[in-house]
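Opening the notebook on a new model. I want the overall picture before going into side chains.

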Amino acid sequence: MADSGARRQPTFTKVDQVRPGTHGHNLLLKVVDTKMVLQRGGGPQGRHMRIAECLVGDETGIIVFTARNEQVDVMKPGTTVDLRNARIDMFKGSMRLAVDKWGIVKTAESPADFTVKEDNNMSLIEFELVTVVE
């Protein structure tokens, strides 16, 4: 397998297509709102920790994105963001979008030209784990 040097273009997912327990999503979203949840100053090791819950969405719906540390700086309301390799975490039965160290959170090169559909909040759908006996 030789690397030809050409990268394949990422396929983008829409908010209404994400499901619990999935990962590897690439999304182009607008930030609707940001709320700081946790901000801890440097302890003895000098580590800072910041967590913000951000409402992000596209033309199909909105979802809560959990931004950590440097990601918080990117998530300004009104900004279009490009999320790469995002995953769906479950928190109290609802979906949360997150990007770990293997993904990328960056401001998009150009602002998105869609209107966010705010009446389809994917994080308000409650899921329940059901054990299937075979």
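**Surface and fold**

I started with the accessible surface of the chain, which comes to about 9,200 Å², with 50% of it belonging to carbon and sulfur atoms. Areas here are Shrake-Rupley with a 1.4 Å probe, and for residues only the protein chains shown count as cover. Note to self: this is a predicted model, where local features need pLDDT of at least 70, side-chain atom pairs count only at pLDDT 80 or more, and totals for chains, interfaces and linings use all residues. Residues are numbered from 1 along each chain as its sequence is written, and side-chain values use heavy atoms, leaving out hydrogens and water.

I looked up the burial next: 37% of the 134 residues of the chain are buried (under 20% relative accessible area; exposed is over 50%, partly exposed in between).

The chain has one helix and six strands, in the order β-β-β-α-β-β-β from the N terminus. These are DSSP runs, H or I of at least four residues for helices and E of at least two for strands, numbered from the N terminus.

**Side chains**

I checked Lys30 and found its charged end over the ring of Phe114, 5.4 Å from the centre (cut-offs: NZ of Lys or CZ of Arg within 6 Å of the ring centre and within 35 degrees of the ring normal).

Where is Phe127 found? I located Phe127 in the segment after β6 (104-107). Phe127 is partly exposed, because its relative accessible area is 32%.

Technical notes: Buried < 20%, exposed > 50% of the residue type's maximum accessible area, 1.4 Å probe, protein only.
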